[in-house]
Structure formats: structure tokens, C-alpha cells
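Me: I would like to learn how to read aromatic pairs and pockets in a protein model. Could we go through them slowly?

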Amino acid sequence: YEDLACCAVCAEGDWEEDNLIIFCDSCDVAVHQVCYGAGARKIPEGDQSWYCDVCTYAKRTGKSARGGLYQPSCILCPKSGGAMKRTTDGRWAHLTCALWVPGVQFLDPEGRDIIHPYAINEKRIELCCKICNTVHGAPIQCKAPRCMAAFHASCGRDCGWHMVEKEKGDYVSLEALCNKHRPAMTQKKKKRRR
């Protein structure tokens, strides 16, 4: 089970000794220590449990939902549950959404903690997601020239659309393409016989 796990933030399954994939002992969300940031840097030793921020908050405040898990909704997409952090106004947002939506910032960038969503362009909030057909949160847009396709980062990731982080010197650029503009798979084309 642990060998097949993918990080809920970056959707990758590879790990290293200094960046393990860890699991919340309450909701079972799997995250890389670096992807989740603050709260996941130190792994409890022995029989101690590690809890994600949502489950830590639920335990501290006594909140629970059906099935015993507290699963708040993301303010940037219509989904609930998963790898989330608190926002500056006390709501919740997925780390994936916070990383991909332009205008969203972290008050603690090093620890990827305390999401500040108030620099989002107002027009982005009015966009309808091409995948789930809802106007909620803040969809991202396809990077292809003249393409207006909008989709939630979480919806695009769940559908396997092209969402790639590219390292460029000192920073990382994010490239998201809709299903229509995703790069063609490198397959040998069969020649047609005449």
C-alpha cells in the first residue's frame, strides 16, 4: 500500500530518505514531507501518530462529520478532503489549488503554510470549470495560445490533464494545458500502405 502511494499535492509516487511520503493516521491522506511543508517536516517516532492540519484542527476543536472525519470544502475548487491548509480568514484550501492558482500566496512560503487568496483576479472567480461544469472557487486556464478553457487545478489533476512543473533557474514555472492541447504522446506513427 505504501509503495503504491502518490502524494496528494504533487501526484508523484517517488520519494527519498529526506522527503518521505507520510500518511495521516486519521484520514489517510498521503503527502511528501516537502510538498506538505510545515507540520510534516518531523515524523513522529515510535508509536506516535502524525496528523494533517485538518485532522489536527478537528481533534483540537472537537469537530467531526459523518464517518468521524472532518472534511472541509476548498475555497478554490468544489472538492473537499485531501491535503489542505488554513487560509488567512480561517477557511481551507488544497495545497495543489493554492500552488496552481495565480494570485494565491503563502504567508509562510518556506513552510507552505497559511494560504492568502486575496490577490486572485476577480474575473477568475467567475470562470466555469470545463471538467465539473461549476462556477466555484478559482479555476486556472490553459496555457495554449488563444485557448480560454478554464478548469480547477484539482479537477485537471484528477482527470490526468497536462499539469507540469518545470524548473527554470531559481524558480519553477507551472504549465497547465487542457485535454485538447496536451502534448501528443511520443508514439511511432504507422505508415499507411498505398
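Me: Are Tyr-36 and Trp-50 buried or exposed?

Reply: A residue counts as buried under 20% relative accessible area, as exposed over 50% and as partly exposed in between, with a 1.4 Å probe and protein chains only. In this predicted model, where local features need pLDDT of at least 70, side-chain atom pairs count only at pLDDT 80 or more, and totals for chains, interfaces and linings use all residues, both Tyr-36 and Trp-50 are buried. Residues are numbered from 1 along each chain as its sequence is written, and side-chain values use heavy atoms, leaving out hydrogens and water.

Me: How many aromatic pairs does the structure hold?

Reply: Rings of Phe, Tyr and Trp (its six-membered ring) pair if their centres lie within 6.5 Å, and planes under 30 degrees apart count as stacked, over 60 as edge-to-face and the rest as tilted. The structure holds four such pairs, among them the edge-to-face pair of Tyr-36 and Trp-50, with 5.6 Å centre to centre and 85° between the planes.

Me: Which residues form one aromatic cluster?

Reply: Tyr-57, Tyr-70 and Trp-92 form one, and within this group Tyr-57 and Trp-92 are both buried.

Me: What volume does the largest pocket have?

Reply: A pocket is an open set of points on a 1 Å grid over the protein atoms alone, where a 1.4 Å probe fits, with protein on both sides within 12 Å along at least five of seven lines. Here the largest pocket has a volume (the space filled by probe spheres set on the points) of about 350 Å³, and Trp-100 and Arg-157 are among the residues that line this pocket.

Methods. 1 Å grid on protein atoms, 1.4 Å probe; cavity = no way out; pocket = protein on both sides within 12 Å on 5 of 7 lines; lining within 4 Å.
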